[in-house]
Amino acid sequence: MSTPFSAPSSVTGFAVNLPSDKPDGLLMPAAQLERMPGAVSGKPAAALADRTIRELYVRMDRARYRIIGSGGVFTGDDAYRKIRLGASLVQLMTALIYEGPAVVASINERLAQLLEADGLAHVSQAVGADAPDARAAQRAA
Ligand SMILES: Cc1cc2nc3c(=O)[nH]c(=O)nc-3n(C[C@H](O)[C@H](O)[C@H](O)COP(=O)(O)O)c2cc1C
């Protein structure tokens, strides 16, 4: 099956990192924001990163590639959302800065609760569970 998204054979996955655009809904005035180069991390980055995971997951060869999802992960619910959209791994930085390394344990505890509530034994069973069907997405494109 040919997919619209492919990469060299040495590539085994994609990290969905910081969106290059400034996300909507920032409190900083637009004029001030325009003068600031670079990307925005943390919670404001979450929605754009989630959308990227969703779009990538439906287009990529899922047997061949894995997604590392990041952007605004502070809680197990945040991590689980990215996993259900298609991420096999989750990466975080801003939460570590604001909350310290213990945030990882609380994310894992919450993830275990969420998996159990959904009757799943392993994170891999949740990967892509909320992704729109790839063929439906192609029809809509
Ligand atoms: C100052 C800074 C340095 C970063 N350096 C790296 C890096 O070396 N490698 C990497 O994969 N991601 C790097 N990132 C991206 C973060 O790991 C993370 O994917 C991104 O900040 C979005 O997640 P967050 O909202 O949890 O911070 C960096 C981010 C920031 C803000």
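Here is a walk through this predicted model, from its ligand to its helices and core. Residues are numbered from 1 along each chain as its sequence is written. Local features need pLDDT of at least 70 and side-chain atom pairs count only at pLDDT 80 or more, while totals for chains, interfaces and linings use all residues.

Let's start at the ligand. It is surrounded by 15 residues (C-beta atom, placed from the backbone, within 6 Å of it), and the closest are Ser41, Ser70, Leu92, Met93 and Thr94. By class, that shell holds seven nonpolar, eight polar and no charged residues (Ala, Val, Leu, Ile, Met, Phe, Trp, Tyr, Cys and Pro count as nonpolar, Asp, Glu, Lys and Arg as charged, and the others, Gly among them, as polar).

Now look at helix 2 (residues 46-59) and helix 3 (residues 76-85), whose axes come within 8 Å and cross at roughly 25°. Helices here are DSSP runs of H or I with at least four residues, numbered from the N terminus; axes are lines fitted to C-alpha atoms over the stretch in contact, with angles from 0 to 180 degrees between N-to-C directions. The two helices are therefore roughly parallel to each other (angles under 35 degrees).

Next comes the largest nonpolar core, with 23 residues: buried Ala, Val, Leu, Ile, Met, Phe, Trp, Tyr and Cys joined through C-beta atoms within 7 Å, where buried means 20 or more other C-beta atoms within 10 Å of the residue's own, all placed from the backbone. Among the members touching the most others are Ala49, Ile53 and Ala79. Helix 2 gives the largest share, six residues.

Conventions: Angles under 35 degrees count as roughly parallel, over 145 as roughly antiparallel, 65 to 115 as roughly perpendicular and the rest as oblique. A residue is buried if 20 or more other C-beta atoms lie within 10 Å of its own, exposed if 12 or fewer, and partly exposed in between; C-beta atoms are placed from the backbone.
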